[in-house]
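Good morning, everyone, and thank you for making time for this short presentation. Please have the sequence and the model open in front of you, and follow along as I go from place to place.

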Amino acid sequence: MRNKINLNQGWRFSRQDAGLPDTLPLDWEQVDLPHTWNAVDGHDGNGKYSRGTFWYAKEFTTPKQPLAGGRVYVEILAAGQQATVYVNGKEAVSHKGGYSIFRADITGLCHEEGKNLLAVACSNGHLDSVYPQSADFTFYGGLYRGVNLISVPDAHFDLDYYGGPGLMVTSKPCGESGGATFELETWVKNADENFTVMYSILDADGKEAASAVRPAGQAKVTVFVPDAVKWDIGNPYLYTVKAVLQRRNEAYDEVTVQAGVRSFSCSPDQGFFLNGVQTPLRGVSRHQDRLYKGNALTREDHYEDARIIKELGANTIRLAHYQHAQDFYDACDEMGFVVWAEIPFISVMNKDPQAHENCISQMKELIIQNYNHPSICFWGISNEILIGGISEKLVENHKELQALCKELDPTRLTTIAHVSMTPVESPMHGITDVESYNHYFGWYGGRMEDNGPWLDNFHQAHPDICLGLSEYGCEGILTYHGPNPACKDYSEEYQALYHEHMAQVLAQRPWIWSSHVWNMFDFGCAARDEGGVAGRNNKGLVTMDRKTKKDSFYVYQAYWSKEPMLHLCGRRYAQRAGDTTQFRVYSNQPHVALFVNGELAAEKDADKVFVFEAALQDGFNIITAVAGNLKDSITVEKVEKEPEVYVLPEVNERAEGVANWFKLAGGLDLKAPMEFPEGKYNIKNTIEELSASKEAMQIVTQAFKIALNMNVAPGEGMWDMMKGMNLQAMCDLAGSMMPEGFAESLNAKLIKIDIAE
């Protein structure tokens, strides 16, 4: 029988390209898996993180085989971003892609007696042929999900096909009969006519609901389960499907997976349906890293993330921007989330044909390894890919990925996340089954109030397209507070205000098939330096250490959770000035009362968001919100002047920067048509083209800081992702957030500069 041996303990690790060792290098650092070498520098704010080839080594004993001809496999659950595996000095396998399972048959490389040396050269360095090429998150390196040995008899279920389990289950409800069909298929290696495959489907109580037996060479079969219980968000019922490779009276190999029975569809006018019931998908996106652990997470870490998202009341998760751990897909199956799973084809397409082959390989791994998870309903083929520009080849590659998804899995829908600047009329539309946009109106550009009209206008222009909102959000940092929250002040109050608006926009539009907050948790992006917290994207509803739920978390809990809830905002806005101050309360109850120092201040009826004005006494005040049996209380202090730390210095600096920008424009007529003289730079140039001129690049740097509060410089920060953008696109992205005439003044400055030879 199959024997899986965990190899996570007692590795040796070299934080340099030490080369292939001959023996176990005892002078290397000792580590246990999961492990990443970027656990700290991947998000500590220093602006750089280690990217290169580092080495792991471990000894193991060859598993004893009870039968002649048995095989031994090494299984790497993920290696960021590419790896080569050696056994006793000989290469066993090389793999490109940092987020999927891969295996190798190492039987012929193992010693019959004594110790074997397993060595892995792991790299998170840039390769033109491996995605992601460039993105707004840290590319952590390491063996961050663990390593196993798998020992099997010579006849066994296939371990070689793209890291899959060797068993594929396709379940379908049978209409009004209440039953379901389970199409079962396994792939068997080295079995003769004496072998059969015995299938068994067990219900949630472990009782057999159906079974079948097939010859190992023709193992595909469809069985019927009467009175099947459907997998649903509120009742994520799971069946266990077991396949046993049998030779007469002996079981040679066995694989087990979980499966669920459900149907789903999308309509442009009515959104998502699950088991025939209209179910607007409202949830979050999730990255797989944690503070000072990087992406080296345990099973409990993954399950805790899922539990926090469940507490929020979300019913869907977009797993950005790559294949996540099997542990997390398992948690989604068990807790009832509808999942969008995707590959890291993101931001920029590399023209290297090998890069497209890597894209295809990663899509095959994603689908084949995760086919059996009932939580997954959507395969995502790319994210914000037009940041790097559009071409006929880009469109062609997307169509090829779409065809591949349908070939491998005709049961699920495909989707795409468009960057905000993707035109309403674009050849990128209509490729996938459903579509979504990443919009940050109210943060990177425009106003939060632009979101609803934009969605309505697109829906009117394309009534045949199922439209979703795949990303939206803004930064919220626990230090920053104030009575007048505004875009780009990074305050916890503005983040909450923004999400109040967005939750209402989505509640009013059930035809939006899905929405995903960006992001559930703050996450690592070593290149970022924004809002006084470098190295991270701080748009999470929860902090990166999972210790603190921001006020914005409770906006969605009020909208989505079926459990009674009440939250009094502003507990970190603990020192307040002024005769009166505002308190906001989120609750899914209809009536809330506010007490100040034990005295009733006011009570209101409202829907989800309750706003109170209250006077404070000098010194400390106890504020209590009450809704039925629910109570929440905070303490605030009335002060003469609020702490300076509540306001990010950059907020005032940016306002001054805008004023100075126009002073330097020199009295130009900014309403006149823009000119684009030959031999001069202009806003139609890409940032990379402008970087050839020191003077032009200085202007670009100033513009990015003013418009988007981002640092951009060659080889640093977000350079790789943004270098293909032109300044016109940047101005369009900033939109109404910038003063009138900004684009014109930018162009006026650039056309004074000769194009560098």
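Let me begin with a question: which residue in S21 is the bridge partner of Ser267? The bridge partner of Ser267 is Gly271, and before I say more about that pair, please keep in mind that this is a predicted model. Ser267 belongs to strand S20, which covers residues 264-267, and this strand is joined by four bridges to strand S21, residues 271-274, with the two strands running antiparallel. To get from S20 to S21 the chain passes through a hairpin of three residues.

From this pair of strands I would like to go to a sheet with four strands. It is an open sheet, its order is S16-S15-S18-S19, and its strands pair in the antiparallel sense. At the edges you will find strand S16, residues 208-215, and strand S19, residues 250-259, each of which pairs on one side only. If we ignore direction, neighbouring strands in this sheet are turned against each other by 15° on average. As a reminder for those who are new to this, strands of a sheet pair through backbone hydrogen bonds, and the pairing can be parallel or antiparallel. Looking at one pairing in detail, strand S18, residues 239-247, is connected to S19 by nine bridges, and these two strands run antiparallel. One position to find on your screen is Ala243, whose bridge partner in S19 is Val255.

Now please turn to another sheet, which is also open and antiparallel but has six strands, in the order S3-S2-S4-S9-S6-S7. Strand S3, residues 29-31, and strand S7, residues 90-96, stand at its edges, and because each has a single partner strand, one side of each is left without a neighbour in the sheet. The average turn between neighbouring strands of this sheet, again with direction ignored, is 25°. Within the sheet, strand S6, residues 82-87, and strand S9, residues 115-123, pair antiparallel over six bridges, and Val85 has Val120 in S9 as its bridge partner.

Next come some details of the backbone, and here a general point helps: most residues other than glycine have a negative phi, and most peptide bonds are trans. Where, then, does the model have a cis peptide bond next to Pro132? The bond in question runs from Tyr131 to Pro132, with omega near 5°, and Pro132 lies in the loop between S9 and strand S10, residues 147-152. A cis peptide bond also joins Ala320 and His321, where omega is about -20°, and His321 sits in the loop between strand S24, residues 316-319, and helix H2, residues 326-335.

Two residues deserve a look for their phi values. Arg546, which is not a glycine, has a positive phi near 65°, and its place is in the loop between strand S32, residues 533-537, and helix H7, residues 551-560. Is Arg546 buried or exposed? Its relative accessibility is 8%, so Arg546 counts as buried. Lys608, also not a glycine, has a positive phi of about 75°, and you will find Lys608 in the loop between strand S37, residues 599-605, and strand S38, residues 609-615. Because its relative accessibility is 19%, and the cut-off for buried is under 20%, Lys608 counts as buried as well.

Staying with helix H2 for a moment, this helix contains Asp330, a residue that is buried with a relative accessible area of 19%. Setting aside neighbours within four places in sequence, Asp330 is in contact with Arg299, Tyr303 and His373. Another helix to find is H13, residues 742-750, which is mostly covered, since eight of its nine residues are buried; among them are Phe742, Leu746 and Leu750.

Finally, a word about cysteines. How many disulfides does the structure hold? The number is zero. Cys466 is in no disulfide, and the nearest cysteine sulfur, which belongs to Cys266, is 5.1 Å away. With a relative accessibility of 5%, Cys466 counts as buried, and Cys122, at 0%, counts as buried too.

How values were computed: Residues numbered from 1 in each chain as written. Predicted model: local features only at pLDDT ≥ 70, side-chain atom pairs only at ≥ 80, totals over all residues. Heavy atoms only, no water. Pairing = 2+ DSSP bridges. Axes fitted to C-alpha atoms, helices over the stretch in contact; angles between N-to-C directions. Buried < 20%, exposed > 50% of the residue type's maximum accessible area, 1.4 Å probe, protein only. Disulfide = S-S within 2.5 Å. Contact = heavy atoms within 4.5 Å.
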